[in-house]
Amino acid sequence: MNKNYKDISMAVIRRLPKYHRYLRELLDKDIHRISSKELSAMMGLTASQIRQDLNNFGGFGQQGYGYNVEELSGEIQKILGLDREYNAIIIGSGNLGQAIANYAGFRKFGFKLKAIFDTNPKLIGMIIRDLPVFDIDELQPFIIKNQIKIGIICTPKEFAQDTANKIVKAGVSAIWNFAPIDLKAPEHVITENVHLSDSLFILSYLLSNQEKFS
């Protein structure tokens, strides 16, 4: 299989987690073989699109047989890097930070949450889902000592960029940002900005237009 995925479009890459999710659901239902046509009906994609997407990574199906669900799920898991472990921390222990800390799915796929950091003295020393809450002043030494790869930013907007600067300086490789601001980071630091309001506004647009033309 071709291991050089640098030229694959982000549109294809962003569909990979969806493939992974649906394949895991099939395995949970004890389904071990599926055609591109059947998979397309489940996922809302065309069979042609599925074949094109998977061919970017070498192609996995057999004509007349379809896909081996377990093998395809495993290959996509490797492509997504879910066969590795990543140490991560959360910065900001408000409602969103706590919700992320309480999501057990991260641990299942190799994302090892190590700690939460905050500025609120009332929260420091607490344990949230087995994670200690540390003072923000301990942030950079902790990252270095524990080889933290991912920083999850759940701070208010006004603190997000400064927080990003600190964790980049300490050596994180990636930032998952939930603050309502697009962060600036060096090219070597992967940054995924998650704007929850953007998704809600798209929903609002679709709902509004549905009502106009119904």
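In this predicted model, Ala 88 stands opposite Ile 150 in strand β7. That pairing belongs to a parallel match-up between β3 and β7 (residues 150–153), which runs over 4 bridges. Ala 88 also has a partner in β4, where its bridge leads to Leu 113. Here too the strands pair in the parallel sense: β3 and β4 (residues 111–118) are linked over 6 bridges. As for cover, β3 is mostly tucked away, with 5 of its 6 residues buried.

Next comes Ser 93, which sits in the loop between β3 (86–91) and α6 (95–101). Being in a loop doesn't leave Ser 93 out in the open: its relative accessibility is just 1%, so it counts as buried, because the cut-off for buried is under 20%. The side chain of Ser 93 makes a polar contact of 2.7 Å with the side chain of Asp 118. Leaving aside residues up to four places away in sequence, Ser 93 touches Gln 98, Ile 116, Phe 117, Asp 118, Leu 123, Ile 128 and Val 133. Asp 118 therefore turns up both in the polar contact and in this list of neighbours, and β4 covers residues 111–118.

The surface offers another picture. Leu 200, Phe 201 and Leu 203 form a nonpolar patch there, and together they have about 340 Å² of accessible area. One of them, Leu 203, is found in helix α10, which spans residues 196–213. With a relative accessibility of 54%, Leu 203 counts as exposed, since that label applies over 50%.

Notes
Residues are numbered from 1 along each chain as its sequence is written. This is a predicted model: local features need pLDDT of at least 70, side-chain atom pairs count only at pLDDT 80 or more; totals for chains, interfaces and linings use all residues. Side-chain values use heavy atoms; hydrogens and water are left out. Helices (H or I, at least four residues) and strands (E, at least two) are DSSP runs, numbered from the N terminus. Buried means under 20% relative accessible area, exposed over 50%, partly exposed in between (1.4 Å probe, protein chains only). A polar contact is a pair of N or O atoms within 3.5 Å; within protein, one must be able to donate a hydrogen and the other to accept it, and residues adjacent in sequence count only if both atoms are side-chain atoms. Contact means heavy atoms within 4.5 Å. Two strands pair if DSSP finds at least two bridges between them. Patches are made of residues with over 30% relative accessible area and no salt bridge: like charges are joined within 9 Å, nonpolar side chains (Val, Leu, Ile, Met, Phe, Trp, Tyr) within 5 Å. Accessible areas come from the Shrake-Rupley method with a 1.4 Å probe; for residues, only the protein chains shown count as cover. A salt bridge is a side-chain nitrogen of Lys or Arg within 4 Å of a carboxyl oxygen of Asp or Glu.
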